[in-house]
Amino acid sequence: MNPELGLFALILATCLALLQSVVPLVGSYTGRLRWMSAGRSLATGQFIFTLLSFSCLVYAFLTDDFSVKYVASNSNSLLPSIYKFTATWGGHEGSLLLWILTLTGWGQVVALRSDKLPPELGARVLSVLGMVSVGFLLFILVTSNPFERLLPFPVQDGNDLNPLLQDLGMIIHPPMLYMGYVGFAVAFAFAIAALMGGQLDSAWSRWARPWTTVAWCFLTAGIALGSWWAYYELGWGGWWFWDPVENASLMPWLSGTALIHSLAVTEKRGLFKSWTLLLAIATFSLSLFGTFLVRSGVLTSVHAFASDPERGLFILAYLVLVVGASLTLFAFKAPEIRSKITFSLLSRETLILVNNVLLVTSCATVLLGTMFPLLVDALDLGMISVGPPYFNTLFVPMAMMLAFALGIGMMLNWKKGTVSWLVQQLRWIFLASVIGGVAFGFMYGDKFVISEALAIGLVIWVVLAILKDMYNKTRNASNLFAGLKKLKPSYYGMQLAHFGIAVTFVGAAMSTGYSLQKDIRMNPGDTVELGEYAFRFDGVKEIQGANYMANAGIISIFKDQKKVTVLYPEKRVYKVKGMPMTEAGIDGGFTRDLYVALGEPLGEGSWAVRLHIKPFVRFLWLGAMFMALGGLLAVSDKRYRVRLKKKAGIRSKTAKGKIAGKAVAGGRA
Amino acid sequence: MSRVEEKGKKSRLKLFVPLAFFMTFCILLYVGLFMESKKELPSALLNDPVPEFSLPTLKKPTETVTQADLKGQVYLLNVWGSWCPACKVEHPYLVKLAKKGVRIIGLSYKDEDADALRWLQRLDDPYEFNIVDKEGRLGVNLGVYGAPETFLVDKNGIIRYKHVGIVDPRVWVEILKPKYERLQKDAIQ
């Protein structure tokens, strides 16, 4: 009964979504307030039924209901319960349901907070969100029903979850990523609502900005988690592979980053309005496109995902409908929201424009690299291979230019700056970065590597520029502490995120340029030196896991004769799929990771062992964390809640203070 | 007045650029979706000999092989890399095929030798030997655009078929096996 209940709830959610996409919208054009506010309760209903449906699927997994096809192919009775839970989104159907749950969840939050918006805007935003979820709900119902039964012949036991996904990182990675992807749907809905109303003022940007930033934070964290997972679970020691699936998440991140910057200009200066709208549309479109890429099978033949042209066709039709319609709307309505404010060539506006151009170009580069094989093939020009070489040669220089522009942009004021000011501010910083970068290049490692020296120079450049800007901003205060206290959270958030960029640069440059690695045959008792560490192989022991058997190597690591740690890299064989898996042994450290993976037994107790020393590799993810935290800090700024408090004040007067406490509490949330 | 209007019109047209771009893009995706049959080798390379090369082998890096060394028997040329997740999925089936006696020669494509060797140690080795194409030059000449890809080559070194993507039981039984067996029969005659 339970799976049927889940399906039924999903159908009900679809009906509510249909209503949500029509009723509030019609209300906003005919001025019917009740129709407009219906959007909120519809969004709530949709969320509740989707949640119910998702719970049914989780329940089916937890109770090993192998009569459900999706459960049978993605779970097994031996699977630990925590992985039974996460297996819910381990395959196409379930992850799609999670996607929808996230979408309706965002819709619910928007609905809760939409009473602060002008009623027409709120109604339209909710309607657009309704339309987005109708598409996905129909997609899951028509092509990918997760509740399909294997009756009358259910299997005895399930096929087990892919061992690669039996991991804690995988538990939070997809939800994070979806929060990001789907969060951009809210930014998109705001953009479409603005186009419908033909109005885009700074109040609009103040509403739209926090949503976009929060979505961006989630996406940042999600991508970082994915990269972290690849690093320790795939056992290759790499952290980014330019795989189409990774690219699918990187593209919306790049255009989303452009969007949050462009939104800043729109809010502060009332500029770049149509550009901001276009970016909002593009960012969400790229999120949709990522879904298409991963699930359609367009690139399947090259990479391992379930291929299904029917699903692909559905998403493509949906993509054409959603994006095509919004771009058409954009083309007709954008002239209404043009701004006529000017700014001089040397100003923060220009530098943000540079930032946007670079980000959009790198996004286009990634898109081209991902799609190129297909394009060339479609034009019948033969076949060409595109891989990391292409991406690295194009993407890395652009990232570096971006970091350079960041330093300049931070120093410039809005509207108008002068060359002499810029030179005066930045000359010492520039000099210090050049000297620092060159000195680093000569001192670190065996030989001078230009790209690493350049990267470290840019790190110094960005960090010093941040410090200098903070100094400038606090100079006039009575003392440093008072000055720092005056700066707003949004300012700190911005600088923290920018600092995160510098930190990530350190991680990327150091781990790419100065990693040490050795593949070697080791007998028990053998010691191998790598860098300043000595690795001693103490043999192998057998481990019995819940659903796997493993050989765990014992490797003691010494530095200057002192024991640093003991690592236990494992080689597992999962029982059901018979799939061998490597679990690397990692000793994480602030300045270096020691990374050990176990290979094959080579007879007589000796094993193939792979040893890595990866300097500063953790900075990659640390930087990403700073970026995400910076974004959250920026959102916490009071100015996004000012309006709301004012309103709360008025309301509390009329209600004679009865609900004042409640409103204030709401304002704090 | 008219000039102003004209200017307005022009800038309005500009706003349709994103839409036009997007629509073109979608057409490409649509074509891609139904390109399954076209994913076979383009006619340019089909029935051509394997391009010339002289590259080291994986397990004996000091020795080099050329296209001439491969002739004499029908074989599958499998392009793979340890960086390629799909290859990992494909690999067990290749091992099975090799055990059945199918001759498979590997092309270690844009990979680090150490990674590739470790892979073979860990997952078993179905290859007669592996050609190391670190820079991917042979790959480009072959028209490889990703991994895994598998070429069916006859005893005279002529490419007869190319499969893009994973070779699984379905692909083998439905597509490759009939061709492979026919070529083998031809080879005997």
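Visitor: What makes the crossing of α1(A) and α6(A) left-handed?

Guide: A crossing gets that name if the near helix is turned anticlockwise from the far one by less than a right angle, and it is right-handed if the turn is clockwise. The crossing of α1(A) and α6(A) is left-handed, so the near helix is the one turned anticlockwise. Before you ask more: this is a predicted model, where local features need pLDDT of at least 70 and side-chain atom pairs count only at pLDDT 80 or more, while totals for chains, interfaces and linings use all residues. Residues are numbered from 1 along each chain as its sequence is written, and chains are lettered from A and ligands numbered from 1 in the order in which they are written.

Visitor: How do you know which way α1(A) runs relative to α6(A)?

Guide: Helix α1 (residues 2–30) and helix α6 (residues 119–143), both of chain A, cross at roughly 150 degrees, with axes that come within 7 Å. Axes are lines fitted to C-alpha atoms, for helices over the stretch in contact, and angles between N-to-C directions run from 0 to 180 degrees. Under 35 degrees counts as roughly parallel, over 145 as roughly antiparallel, 65 to 115 as roughly perpendicular, and the rest as oblique. That makes α1(A) roughly antiparallel to α6(A).

Visitor: And what does the contact of α1(A) with α6(A) have, by class?

Guide: There are 15 nonpolar, eight polar and two charged residues. Ala, Val, Leu, Ile, Met, Phe, Trp, Tyr, Cys and Pro count as nonpolar, Asp, Glu, Lys and Arg as charged, and the others, Gly among them, as polar.

Visitor: Why are α5(A) and α7(A) called oblique?

Guide: Helix α5 (residues 92–113) and helix α7 (residues 168–197) of chain A cross at roughly 50 degrees, and their axes come within 9 Å. Set that angle against the cut-offs and α5(A) and α7(A) are therefore oblique to each other. Their crossing is right-handed. On the α5(A) side the contact residues include A:Trp99 and A:Trp106, and on the α7(A) side they include A:Pro174 and A:Tyr178. By class, this contact has twelve nonpolar, three polar and no charged residues.

Visitor: What about α17(A) and α18(A): how are they oriented to each other?

Guide: Helix α17 (residues 489–513) and helix α18 (residues 618–635) of chain A pack at about 170 degrees, with axes 7 Å apart. So α17(A) and α18(A) are roughly antiparallel to each other. Their contact has 19 nonpolar, nine polar and one charged residues.

Visitor: What makes β1 and β8 of chain A edge strands?

Guide: Each of them pairs on one side only. Two strands pair if DSSP finds at least two bridges between them. Helices (H or I, at least four residues) and strands (E, at least two) are themselves DSSP runs, numbered from the N terminus. The open sheet runs β1-β10-β9-β8 (chain A), with antiparallel pairing. Its neighbouring strands are turned by 15 degrees against each other on average, direction ignored.

Visitor: How do you know that β1(A) pairs with β10(A)?

Guide: Seven bridges join these two antiparallel strands, and A:Leu516 stands opposite A:Ile613 in β10(A). Packing on this sheet is helix α4 (residues 113–123) of chain B, which touches β1, β9 and β10 of chain A. A touch here is a contact, where C-beta atoms, placed from the backbone, lie within 7 Å.

Visitor: Over in chain B, what is the strand order of the five-stranded sheet?

Guide: This open sheet goes β5-β4-β3-β6-β7 (chain B), with mixed pairing. Strands β5 and β7 of chain B are the edges. Four bridges join the parallel strands β4(B) and β5(B), with B:Gly106 opposite B:Asn130. The antiparallel strands β6(B) and β7(B) share five bridges, and there B:Leu152 stands opposite B:Tyr161. The β6(B)–β7(B) hairpin has five residues between its strands, and B:Gly157 takes a positive phi near 80 degrees.

Visitor: How do you know where the predictor is confident in chain A?

Guide: Look at pLDDT, the predictor's confidence in each residue, from 0 to 100. Chain A averages 84, and 90% of the residues score at least 70. Over residues 300–306 of chain A it is below 50, and it stays under 50 over residues 644–669 of chain A. Chain B averages 80, with 85% of the residues at 70 or more. For the complex, the predictor gives an ipTM of 0.71 and a pTM of 0.79.

Conventions: Contact = placed C-beta atoms within 7 Å.
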